[in-house]
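Please open the model in the viewer and keep the sequence panel visible beside it. The tour below proceeds by selection, one stop at a time.

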Amino acid sequence: MSEVKRVLKPNGCLSLHAYQIQFELHYKDLSETLSQIYQEAFDFSCQYLPEDAHESLNIIRNEYKEIFDSIPFTDKTRITNILVKQSMSVANVVGLISTVSAYQYVKEKDPDTALSLIQRTEQRLLEAMGVSSNQTKVELRSRYFCLLACKSE
């Protein structure tokens, strides 16, 4: 935070945001099942993360609380639980999973396992939903959070 304090001009603003790594998938009355399938794919991918990446995940899971506490300015706020809902196809949900850094580590270390994970996850989602098209829409719910701070004069 000393660098933030040094770089910001008086009345300069700091803004940090991110989203929680747990997503909810909603389709008919299958939300819990679909969300669990997503979470299992994510948890499996996390096994491949280097140790220091787990620390970063904990910072996100705690919604930047440690960062907020270390901001040296009195004019600061932490906003959590910003719910964003968006409609997307199962194919796009699987595409989203493939962009997560934890999955990228799986892909780097074991490409065959990564491909199998994606294919298996898509198949499990479709089977749970009782549909065959990966273009079937689900509602993805994600929660964002942010930190805002202002350096006084």
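In which loop does Glu63 lie? Select Glu63 in this predicted model: the residue lies in the loop between helix H3 (51–61) and helix H4 (65–70). Its phi is near 55°, a positive value in a residue other than glycine. Is Glu63 buried or exposed? Glu63 is buried, because its relative accessible area is 18% and the cut-off for burial is under 20%.

**The whole chain**

Next, display the whole protein chain as a cartoon. The secondary structure comprises seven helices and four strands. Read from the N terminus, the order of the elements is α-β-β-α-α-α-β-α-α-α-β.

Then reduce the view to the C-alpha trace, which spans about 60 × 35 × 20 Å along the principal axes of the chain. The radius of gyration of the protein chain is 19 Å, whereas a compact globule of 153 residues would have one near 15 Å.

Add a surface to the protein chain. Its accessible area comes to about 9000 Å², and carbon and sulfur atoms contribute 49% of that. Of the 153 residues, 37% count as buried. Among the contacts with a separation of 6 or more, 79% are made by residues 24 or more positions apart.

Colour the charged side chains by sign. There are 17 positive and 20 negative side chains, and the centres of these two sets lie 6 Å apart.

**The strands that pair with S4**

Which strands should be selected together with S4? Begin with strand S1 (residues 13–19) and strand S4 (residues 137–150), which pair in the antiparallel sense over seven bridges. To locate one of the partners, select Tyr19, whose bridge partner in S4 is Tyr144.

Now add strand S2 (residues 24–26), which is also antiparallel to S4 and is paired with that strand over three bridges. Here Glu24 stands opposite Arg141 of S4.

Finally, add strand S3 (residues 75–89). S3 and S4 run antiparallel and are joined by 13 bridges. Select Thr77 to find the residue opposite in S4, Leu148. As a guide to inspecting side chains here, in a regular strand they alternate between the two faces of the sheet.

**Two stops within S3**

Select Asn81, which lies in strand S3. Its phi is near 60°, again a positive value in a residue other than glycine.

Move along to Gln86, which is also in strand S3. Why does Gln86 count as partly exposed? Its relative accessibility is 33%, and therefore falls between the limits of 20% for buried and 50% for exposed. Show the surroundings of Gln86: apart from neighbours within four places in sequence, this residue is in contact with Val138, Glu139 and Leu140. Then draw a C-alpha to C-alpha distance from Gln86 to Glu108; the two are 22 residues apart in sequence and 29 Å apart in space.

**The last stop: helix H2**

Select Ser31, which lies in helix H2 (residues 31–46). Ser31 is buried, because its relative accessible area is 17%, below the 20% cut-off. Which residues is Ser31 in contact with, leaving aside its neighbours within four places in sequence? The contacts are with Leu25 and His26. Keep these residues displayed and show strand S2 (residues 24–26) alongside them.

Terms used. Residues are numbered from 1 along each chain as its sequence is written. This is a predicted model: local features need pLDDT of at least 70, side-chain atom pairs count only at pLDDT 80 or more; totals for chains, interfaces and linings use all residues. Side-chain values use heavy atoms; hydrogens and water are left out. The radius of gyration is taken over C-alpha atoms; the globule rule is 2.2 Å times the number of residues to the power 0.38. Buried means under 20% relative accessible area, exposed over 50%, partly exposed in between (1.4 Å probe, protein chains only). Contact means heavy atoms within 4.5 Å. Accessible areas come from the Shrake-Rupley method with a 1.4 Å probe; for residues, only the protein chains shown count as cover. Lys and Arg count as positive and Asp and Glu as negative; His and the chain ends are not counted. The place of a charge is taken as NZ of Lys, CZ of Arg, CG of Asp or CD of Glu. Two strands pair if DSSP finds at least two bridges between them.
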